[in-house]
Amino acid sequence: MTTFLKTTALPTHGAVTLPQRDYVSTAVFREEQERLFANRWLCIGREEQVARPGQYVLVEIGVESIIVVRDRTGTVRALYNVCRHRGTRLCESPCGELSETIQCPYHAWTYALDGRLIGVPDQRELEGFNKADYPLIKAHVAAWEGFLFINLADEPEPFAEAFAPLIGRVGQWNLAALRVGRRYEYDVKANWKLLFQNYSECYHCSPLHPSLVKLSPPTSGENDLIDGPILGGFMTITEQGGSLTLSGESCGVAVGDLSDDERQRVYYYSIFPNMLLSLHHDYVMVHTFQPAAPDRTHITCEFLFHPDTLANPAFNPDDGAGFWDGVNREDWHICEMAQAGVQSRAYRPGPYSRRESLSAAFDRYYLDAMGE
């Protein structure tokens, strides 16, 4: 049985917010790309994005471009978007469908969908050349509950170890069977860490989110994961049988076999360094982050529903998705204001409240991961 700890009872041990350089420094941002985003499991979306052989999406991680494609055997591959001849990018469109091969637009070197080099024009002009020596460089891929993850490290931490706190904990939400019913893209002028810190506390909810606190009390939260790369817990829904929607009512059938308590709660988990997972009884909300600069982050927000909900002609995904789009925009705006403030010469790290204990825990883990 999972043990939850009252959010208001968790000490911050005198923690203060991060120093200015961690929000504004180009050097710190570049180090994050190498230490964190090139060495951690990053959520890149749902398996349904590459449901058919040949279907692909491009994933940008810092300066890297990765082709995530399902090959002819049904295996999902993550291939660097770099031709082995002159380094040319192979694919330009952010998503699409390939036939049997991937061909370089420069000199027509041709690769199978599993990355093998299978065709080179005028191969006789290449002395001592063997196609088997020049496959596309691969990244590591993992699938979990319908989500896809990639890792650019040569020898990454095993996925099962990295995600151990969540594996077996969220099965009742039936995540693998859910499907995307609505997607939003945001470009936020704020550092990615400010967004994680904001998500990790509801100290700000009363002044910032009147529509949210009406449906879910900001002091109702209890946490179960309070240290490490995955942090979070739940908050309660005020109305019995209600939901976090514009109508205040459920916007679909239950996503899985949930208990009465689980139907009356929303579970929020931040997954270092690029994923936020919000589990409702009638839908699931997922944010994925792509840091673009010290002061800019691209965010994809997807809403997952039970297939029976999506098949209902009366279903309106904007009841839930529209509610959170409003809350999201309130959060993005205040994070942009925070970014503007921390850039000032007047900024000094300030103390965390007990109600911000998970934000302080995020900072501790971040500093440890950065070797500070």
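A disulfide is a pair of cysteine sulfur atoms within 2.5 Å. By this rule, the count here comes to one disulfide. The model is a predicted one.

## Overall build

The protein has ten helices and 18 strands. Its C-alpha atoms fill a box of roughly 70 × 55 × 35 Å along the principal axes. A compact globule of 372 residues would have a radius of gyration near 21 Å; the protein has 22 Å, so the two agree. Of the 372 residues, 53% are buried. Contacts reach far along the chain: among those between residues at least 6 apart in sequence, 68% join residues at least 24 apart.

## Cysteines

The disulfide joins Cys202 to Cys205, with an S to S distance of 1.9 Å. The angle about the S-S bond is -110°, and the link of Cys202 and Cys205 is left-handed. Cys202 is buried, and Cys205 is buried as well.

Cys91 and Cys335 can be set side by side. Cys91 is in no disulfide; its nearest cysteine sulfur belongs to Cys104, 10.0 Å away. That distance is not within 2.5 Å, the cut-off for a disulfide. Cys91 has a relative accessible area of 8%, so it counts as buried. Cys335 is likewise in no disulfide. Its nearest cysteine sulfur is that of Cys205, 12 Å away. With a relative accessible area of 3%, Cys335 is also buried.

## Helix α4 and Lys193

Helix α4 spans residues 192–199. Eight of its eight residues are buried, so the helix is largely enclosed by the rest of the structure. The buried residues of α4 include Trp192, Leu194, Leu195, Phe196 and Tyr199. Lys193, Gln197 and Asn198 are buried in α4 too.

At the start of α4, a side-chain oxygen of Asn191 comes to within 2.9 Å of the backbone nitrogen of Lys193. Lys193 itself lies in helix α4. How buried or exposed is Lys193? Its relative accessibility is 0%, which is under the 20% limit, so Lys193 counts as buried.

The side chain of Lys193 has polar partners. One is the side chain of Glu32, in a polar contact of 2.7 Å. Another is the backbone oxygen of Asp22, which lies 2.5 Å from a polar atom of the Lys193 side chain. Leaving aside neighbours within four places in sequence, Lys193 is in contact with Leu18, Asp22, Tyr23, Glu32, Phe362 and Tyr366.

The polar approaches described for Lys193 and Gln55 are listed here.

| Atom or group | Partner | Distance |
|---|---|---|
| Asn191 side-chain oxygen | Lys193 backbone nitrogen | within 2.9 Å |
| Asp22 backbone oxygen | Lys193 side-chain polar atom | 2.5 Å |
| Glu32 side chain | Lys193 side chain | 2.7 Å |
| Gln49 backbone oxygen | Gln55 side-chain polar atom | 3.5 Å |

## Strand β3 and Gln55

Gln55 is found in strand β3, which covers residues 55–61. At 14% relative accessibility, Gln55 counts as buried, because the limit is 20%. A polar atom of the Gln55 side chain lies 3.5 Å from the backbone oxygen of Gln49. Not counting residues up to four places away in sequence, Gln55 touches Glu48, Gln49, Val50, Val68, Val69, Arg70, Gly96 and Glu97.

## Strand β2 and its partner

Strand β2 runs over residues 42–46. Five of its five residues are buried, so β2 is largely enclosed by the rest of the structure. Four bridges join β2 to strand β11, residues 147–151, and the two run antiparallel. Within this pair, Cys43 stands opposite Phe149 in β11.

## The sheet of β7, β8 and β9

Strands of a sheet pair through backbone hydrogen bonds, either parallel or antiparallel. Three strands form an open sheet in the order β7-β8-β9, with antiparallel pairing. Which strands stand at the edges? They are β7 (101–103) and β9 (117–119). Each has a single partner strand, so one side of each is left without a neighbour in the sheet. Neighbouring strands of this sheet are turned by 40° against each other on average, direction ignored.

Strand β8 covers residues 110–112. Two bridges join β8 to β9, and these strands run antiparallel. Tyr111 stands opposite Leu117 in β9.

Definitions and conventions. Residues numbered from 1 in each chain as written. Predicted model: local features only at pLDDT ≥ 70, side-chain atom pairs only at ≥ 80, totals over all residues. Heavy atoms only, no water. Buried < 20%, exposed > 50% of the residue type's maximum accessible area, 1.4 Å probe, protein only. Polar contact = N/O pair within 3.5 Å; in protein donor to acceptor, adjacent residues only side chain to side chain. Contact = heavy atoms within 4.5 Å. Pairing = 2+ DSSP bridges. Axes fitted to C-alpha atoms, helices over the stretch in contact; angles between N-to-C directions. Rg over C-alpha atoms; globule rule 2.2 N^0.38 Å.
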